[in-house]
Structure formats: C-alpha cells, structure tokens
Amino acid sequence: MASLNLSSLQSFSFHRVLSSFPQNTPNLSFNCQPKTATNARPISLKPYVLEKPRTRVVVLAVKSLDETEAVTVSPENDGPVGELPSGAGVYAVYDKVGEVQFIGLSRNIAASVSSHWKSVPELCGSVKAGIVEEPDREALTHAWKYWMEEYIKVSGKVPPGNESGNATWVRQPPKRKPDLRLTPGRHMQLTVPLENLIDTLVKENKVVAFIKGPRSAPLCGFSQRVIAILESEAVDYESVNVLDEEYNYGLRETLKKYSNWPTFPQIFVDGELVGGCDILTSMYEKGELASLFKK
C-alpha cells in the first residue's frame, strides 16, 4: 500500500496573478511546516469482505444432484444400506428406469432408504446421497431445496413422491393409544392386589412400557428416548404412566418389587423385563430390536 510522507513537503506555495493588479503586487505565499507526530499510530486499510451466508456454504458443501454418483439397488445385495452413509443429509431415489421418484432428507440416510426398500422395492432402482456436515434443521432443509430446485429446473415438475398428498414415501405417524390405567381410581378399593394387575398386564400384551408421564408427552428424557425408539420401530405397544397418582396409585413402588428393577422407564416384552432406556438404546443401535419384537 502506498503511503504519503508529509515530512518531505517543506512548503506549499500558491500564486494568483491578477492582470488588474500592478506588476509589483506581492505574491501570496502560504508555508506549511508540519509537525512530527510523536505518538502517531499507523492506519491499516483492509478491504471489507462480506461473510458468506451459512446457507450458501451448506449448498456449496453438497454436490449437485447431477454430479452425485448413484448407488445401485438390487435384491442380491439386500438393498443399498451397506453402501450408503448412515449420516445426515439429502438423498434421491430413482426407479429402475432412472427416473427420480422421491427427494428426501434424513438424519440417517441408510436407515431411511432401507425403509423405502422394504415398503416399495419396485420403485427403488438406485439412490444418490449428499452428506451435510453440520446437520441442523436449517442446513438439511437448504440442502434438500438445493436438489429439489435443480430437479424442477430440468424437469419442470416435482418428483412424484414429493407431490402434495403422496404418502408412499413419508411414514405416517401412528395413532397413539391412550395410556392404560391399572385401577378405577385412587379411592376405589381393589379386589385383587396391584402386583397381580401388573402381572396380568405384562403377560397379556406383547410390549408394555412403564414410563414417567403420558406417552404423548413423557416427563423425563429417558422416557422420551424409549417412546421415540418404539415408535421409530413401528412397535404396537401399551404404555402406563407411573406418575399418575390418581389411577396408578402405588404403582412405582409395587413395580420396583415386581421387576426387581429400581428405575424407570421399564420395558416388558412377552411378560419378561427387557430393561430400561440404556438397554433398549443399546439394542436399537445394534439393530437387535426387530428380532426381539418379532419373537
């Protein structure tokens, strides 16, 4: 960067000659003797650079739909799960003739595609996937829009699976059952011991989850996690709110003795205690729940 050194200028002289003035009119002279600054601070001029919006950065991080390599789906390899990432991002499903059927976003691309493969294998010929490195909701949405806009620009329409009202590709949330009540009310006299009611309940129902709070809005993180896992696996289960002191009075202490398990939630399958949140989460991450619920 060029700089101007004022100390090198000894004087400034300005002359104005007026024809109406006598020739001996003195010149007007202005002398400037700049003082040396003792505490002068250097001035640094940096160009102003606009920061790239985060959404633009996300789009740049994901390859375009056309540039992304497709993974072929075939019965021989039991679908594409082994070749697709389990991370979060955007994906496009093509049918067997190479037409895009659905563009979706997922926290686990491999799991979502596996679900599609099981429900509509005839529409799954190949898959393209783009990973989003910082997968918050905004980033995933913009990556999805990026691919959708690219597809619409080329085809002039949205994929069939993304059309309004199409429920082929998006799993509909199951209708939630009401929580079970073990007694008719706190002040009603029971004709059988509460432990017997628990025993009958867990043996007559395939899956029973004893949780803190109602299933529609669990009141602790562990219960929330258990409900999320059961519903993600599309399990038909019964739930009991152990905090309901009106219709399940005394249940917490009685259940602890019955199961010999001190904490909640508690999950029973076929009358046997499976465990709590940690055990169910571990089985879910290892892919062991499907076989457990099918027994």
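1. In this predicted model, T281 touches R225 and I229, when residues up to four places away in sequence are not counted. T281 itself lies in helix α7, which covers residues 277-285, and at 14% relative accessibility T281 counts as buried, because the cut-off for that word is under 20% relative accessible area.

2. A second residue to look at is V226, which is placed in helix α5, residues 221-232, and which is buried, with a relative accessible area of 0%. Leaving out residues up to four places away in sequence, V226 touches P265, I267, C277 and L280. One of these partners, P265, is 39 residues from V226 along the chain, yet the C-alpha atoms of V226 and P265 are separated by 7.7 Å.

3. The largest nonpolar core has 18 residues, and among them L230 and F293 touch the most other members. At least two residues of this core are supplied by each of β5 (207-211), α5, β7 (266-269), α7 and α8 (289-294), and the largest share, four residues, comes from α5. As background, nonpolar side chains in soluble globular proteins tend to be buried together.

4. For L230, one may ask which residues it is in contact with once its neighbours within four places in sequence are left aside. The contacts of L230 are then A209, V235, Y237, L280 and F293, and L280 is also among the residues that V226 touches.

5. Finally, a second core, separate from the one discussed above, is made up of 15 residues, including V62, A92, L140 and Y151.

Terms used:
Residues are numbered from 1 along each chain as its sequence is written. This is a predicted model: local features need pLDDT of at least 70, side-chain atom pairs count only at pLDDT 80 or more; totals for chains, interfaces and linings use all residues. Side-chain values use heavy atoms; hydrogens and water are left out. Buried means under 20% relative accessible area, exposed over 50%, partly exposed in between (1.4 Å probe, protein chains only). Contact means heavy atoms within 4.5 Å. A nonpolar core is a set of buried Ala, Val, Leu, Ile, Met, Phe, Trp, Tyr and Cys residues joined through side-chain atoms within 4.5 Å.
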